[in-house]
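Let's take a walk through this one together, starting at the nucleic acid and working back into the protein. Have the viewer open and follow along.

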2 protein chains.
Amino acid sequence: MAENLYERKALIFKALANPVRLEVLDMLIDGEKCVCEIQEKLKKYQQAHISKSLIKLKEAGFIKDRKEGLNVYYSLKICCLGDFFKCLNNILDSDTSN
Amino acid sequence: MAENLYERKALIFKALANPVRLEVLDMLIDGEKCVCEIQEKLKKYQQAHISKSLIKLKEAGFIKDRKEGLNVYYSLKICCLGDFFKCLNNILDSDTSN
DNA sequence: CTACTATATGCCATAATTGGAATATATCAT
DNA sequence: ATGATATATTCCAATTATGGCATATAGTAG
């Protein structure tokens, strides 16, 4: 585990610092999905890669999983993600001009 | 520049995915600071490293700079950062147990 | 048991990030 | 002009992340 608070926070942002994982999170915003559904939407990536992405998001504390037979269902664990991402859009909308 | 939206968002999170840059951002939350003040607080790191951290945060759109004589002053450019980080604490507080 | 399906794990080459050391630039004072 | 100070840039070795491929595991069906 990371020693100090800033390192722990950085680990959380590292989990978000990847387009595939961000897209996965986005998919989960409208409810629980099984790994197979996520794979279906992200066909450009290998199954193994999706699986690793989900595990990384889980380790960072963003999502949780639930097994049901052969399937594994993932869902958001953090309710404030919506607001979290709204701020992001402010950044994206504002120009990079100083 | 990154092609799609998720890649652009990932770039923003990459800028946050580092303890030094997070600590710098934290220092700027209570107002504009000159590089020298930031260095003073982060003595464990080299001047060059602090400078690079500031530039990365600026490129990501989080902060802006202003020159005054020999000094450069940096300040937050995004007003919603406070809320942004509040959500983080939710994640940090919640256990990693599924 | 075997066969099948869904998901996870291990290995690996490539690419990106980190942070130190040295150097460059810009501004100010004399 | 020279020298001093604040900040930025370049170079580089070490570490870490990315994403493909192959394989393993776990649950289900027959």
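Start with DNA strand D, which has 23 residues around it, the closest being Gln46(A), Lys52(A), Cys36(B), Gln47(B) and Ala48(B); a residue counts as near a molecule or strand if one of its heavy atoms lies within 4 Å of it. Before going further, keep in mind that this is a predicted model, in which local features need pLDDT of at least 70 and side-chain atom pairs count only at pLDDT 80 or more, while totals for chains, interfaces and linings use all residues. Residues are numbered from 1 along each chain as its sequence is written, chains are lettered from A and ligands numbered from 1 in the order in which they are written, and side-chain values use heavy atoms, with hydrogens and water left out.

Back to strand D. Sugar or phosphate makes up 57% of its atoms within 4 Å of the protein, and bases make up the rest. Some polar contacts (pairs of N or O atoms within 3.5 Å; within protein, one must be able to donate a hydrogen and the other to accept it, and residues adjacent in sequence count only if both atoms are side-chain atoms) are worth picking out. In chain B, a backbone N or O atom of Cys36(B) sits 2.8 Å from a phosphate oxygen of DNA strand D, and a polar side-chain atom of Ser51(B) is 3.0 Å from a phosphate oxygen of that strand. From chain A, Lys56(A) places a polar side-chain atom 3.4 Å from a phosphate oxygen of DNA strand D.

Which elements supply at least two residues each to the surface near DNA strand D? They are α4 of chain A together with α3 (35–41), α4 and β3 (71–76) of chain B. Here helices (H or I, at least four residues) and strands (E, at least two) are DSSP runs, numbered from the N terminus. α4(B) gives the most, with five residues. By type, the surface near strand D splits into 11 nonpolar, seven polar and five charged residues; Ala, Val, Leu, Ile, Met, Phe, Trp, Tyr, Cys and Pro count as nonpolar, Asp, Glu, Lys and Arg as charged, and the others, Gly among them, as polar.

Now swing over to DNA strand C. Of the 23 residues around it, Cys36(A), Gln47(A), Ala48(A), His49(B) and Lys52(B) come nearest. Sugar and phosphate account for 57% of the strand C atoms that come within 4 Å of the protein. A backbone N or O atom of Val35(A) is 3.4 Å from a phosphate oxygen of DNA strand C, while an N or O atom in the side chain of Asn71(A) lies 3.0 Å from a sugar or linking oxygen of the strand. Lys56(B) has a polar side-chain atom 3.3 Å from a phosphate oxygen of DNA strand C. The elements giving two or more residues to this surface are α3 (35–41), α4 (47–59) and β3 (71–76) of chain A, plus α4 (47–60) of chain B. The largest share, five residues, comes from α4(A).

Next, look at where the two chains meet through their α5 helices. Helix α5 (residues 81–93) of chain A and helix α5 (residues 81–93) of chain B pack at an angle of about 145 degrees, with their axes 9 Å apart; axes are lines fitted to C-alpha atoms, for helices over the stretch in contact, and angles run from 0 to 180 degrees between N-to-C directions. Leu81(A), Phe84(A), Cys87(A) and Leu88(A) meet Leu81(B), Phe84(B), Cys87(B) and Leu88(B), where contact means heavy atoms within 4.5 Å. The residues of this contact are eight nonpolar, no polar and no charged.
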